[in-house]
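Colleague: Please pick one part of this protein and take me through it slowly. I am new to this, so explain each term as you go.

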Amino acid sequence: MNNLTLSGNIVDVLHRRIFPGTIHITDGRIQTIVQDQGQYSQYILPGFIDAHVHIESSMLVPTEFARLATVHGTVATVSDPHEIANVLGLAGVEFMVDNAAQTPLKIAFGFPACVPATELETAGAKLTVNDFRQLFKHGISYLSEVMNVPGVLADNPEMMDKIHLAQSLGLPIDGHAPGLSGTGLRKYATQITTDHECSTLNEAVEKLALGMKIQIREGSAAKNFDALHSLIDSHAADCMFCSDDKHPDDLVTGHINLLVKRAVALGHDVMNVLQIACVNPVKHYNLDVGLLQVGDSADLIVVDNLQDFTVLATYCQGVLTAKTGSTLLPSVPLTPINKFITTPKTPGDFAIPARGSTVRVITVTDGQLITGEKCVPAHIENGEVIADLNADILKITVVNRYQDTPPTVALVQNFGLKRGAIASSVAHDSHNIVAVGTTDTEICAAVNALIHCQGGIAVAEDNVVHVLPLPVAGLMSGGDGYEVAKQYAELDNWAKRLGSKLTAPFMTLSFMALLVIPDLKLSDRGLFSGQDFRFVSLWID
């Protein structure tokens, strides 16, 4: 029998009280909590939970994600394996579940509701309601984000079969409905229980009024905490914190702990903050995660105080997983799985022959997934459209990785590159190769580097290409998380040296093919207007 005793100021979030005491843990479960007269400087509280995260976006497999996240007091995540599912289907989800079983961090996986996300791009797999039944036996515990909003509103049979199966199994159903309002939202909210896409307070309040839970998101690309943090005190019972997508260098810096610290610093009630960070995800998703009660699993953290929340120790299932900023979890060996079929391209594949005088341009806003559309005069030389560096308009391309087809090429503004190109096989949702650059030659070099290594992220400048390989589905490394974070940070800095002013250039790049987020995006089949939900021409005239 493994016994453990911890003493400190015990933060009982469920009963909203703090008292000095000692916790006795046996075989990973809390046996007794005894109040005493001790004078303690440290605090013991339930661990933090990320209520919605795509682990793949950290470029780390679950066991490596756990090594970094537990350092910051994360004891559990609610994770949608949507990214790897779009590449590898059932086998990809099973890979994530099996790998996660090798770490004490508790990872609750959902069934990806929309694979492929749309029929408007080429993905690597398709998941059906029968796959849902099979994965439920494999440990799936909820239906993850229902991005096919039109399908729900139109009662699409395939979409509704998955929703009805989830309801019959008593599983929560996650939402994804950016900007949805009015009649459409009222219908959507009768089926869906959460939303993590709110970018304004009014949007969140409307969804809350219809009974939806709001996940306040602060990730590497989409940052909504500033707009939504007032909900912490006004709707403490109905909110959760999430990151959605967290790049590895950001995960080294912090996780949900940073939101807790920010919220308390803004003057929000500490018990409300901790209810959102620790309790609400457990209750909503029926997680087997302890809340510092007798009989609970010992999923808890020790912090220095309730202002800084510096994590001194993290325990998952009674296992000390991190201490004073260092991970105590080992790396786990694995065999990568992948799907990468396309062959190398030539610079000519990225040419845009001039066919008019005015073009559509995707406009990017730093920190937002939503893009805009602008119409501008085409910058033409020798009968071809080229990048207009003075206007910060660059070429963007999507290269189908599952079939050998010609790339689609369009234009994008606000990436800021003055030279070179960047490319990634992390490209939501289907994870074809997406690249942005100043010249066809450098775009081609970056794309071909990723084809050669079967996925990753790359920076090309003149004749030099730097690559971080991601051999697991073209999404994750499989290597040491801290080393991956270092390599990613180096490529991120390289992209910024090329001129990008974006906070996270590669994260922003990865969402340029995300058709379910309006307005203008690019898939391997062409420019797509999320506002009008149709393909549109690059040319206005």
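Modeller: An axis here is a line fitted to C-alpha atoms, for helices over the stretch in contact, and angles between N-to-C directions run from 0 to 180 degrees. The model is predicted, so local features need pLDDT of at least 70 and side-chain atom pairs 80 or more, while totals for chains, interfaces and linings use all residues. Residues are numbered from 1 along each chain, and side-chain values use heavy atoms, without hydrogens or water.

Now find helix H12 (residues 256-265) and helix H13 (residues 270-285), which pack with axes 9 Å apart at an angle of about 160°. (Helices are DSSP runs of H or I, at least four residues, numbered from the N terminus.) That angle makes H12 roughly antiparallel to H13, a label for angles over 145 degrees. H12 passes H13 in a right-handed crossing, meaning the near helix is turned clockwise from the far one by less than a right angle.

Which residues meet? H12 brings Ile256, Val260, Ala263 and Val264 to the contact, and H13 brings Val270, Val273, Leu274 and Ala277; contact means heavy atoms within 4.5 Å. By type, the contact has 8 nonpolar residues, no polar and no charged.

For the wider setting, the largest nonpolar core has 126 residues, and Val412 and Phe506 are among those touching the most other members. Another core lies apart from that one, with 47 residues including Leu259, Val273 and Ile301. Such a core joins buried nonpolar residues (under 20% relative accessible area, 1.4 Å probe, protein chains only) through side-chain atoms within 4.5 Å. Val273 thus appears twice: in the helix contact and in the 47-residue core.

Methods
Buried means under 20% relative accessible area, exposed over 50%, partly exposed in between (1.4 Å probe, protein chains only). Helices (H or I, at least four residues) and strands (E, at least two) are DSSP runs, numbered from the N terminus. Angles under 35 degrees count as roughly parallel, over 145 as roughly antiparallel, 65 to 115 as roughly perpendicular and the rest as oblique. Ala, Val, Leu, Ile, Met, Phe, Trp, Tyr, Cys and Pro count as nonpolar, Asp, Glu, Lys and Arg as charged, and the others, Gly among them, as polar.
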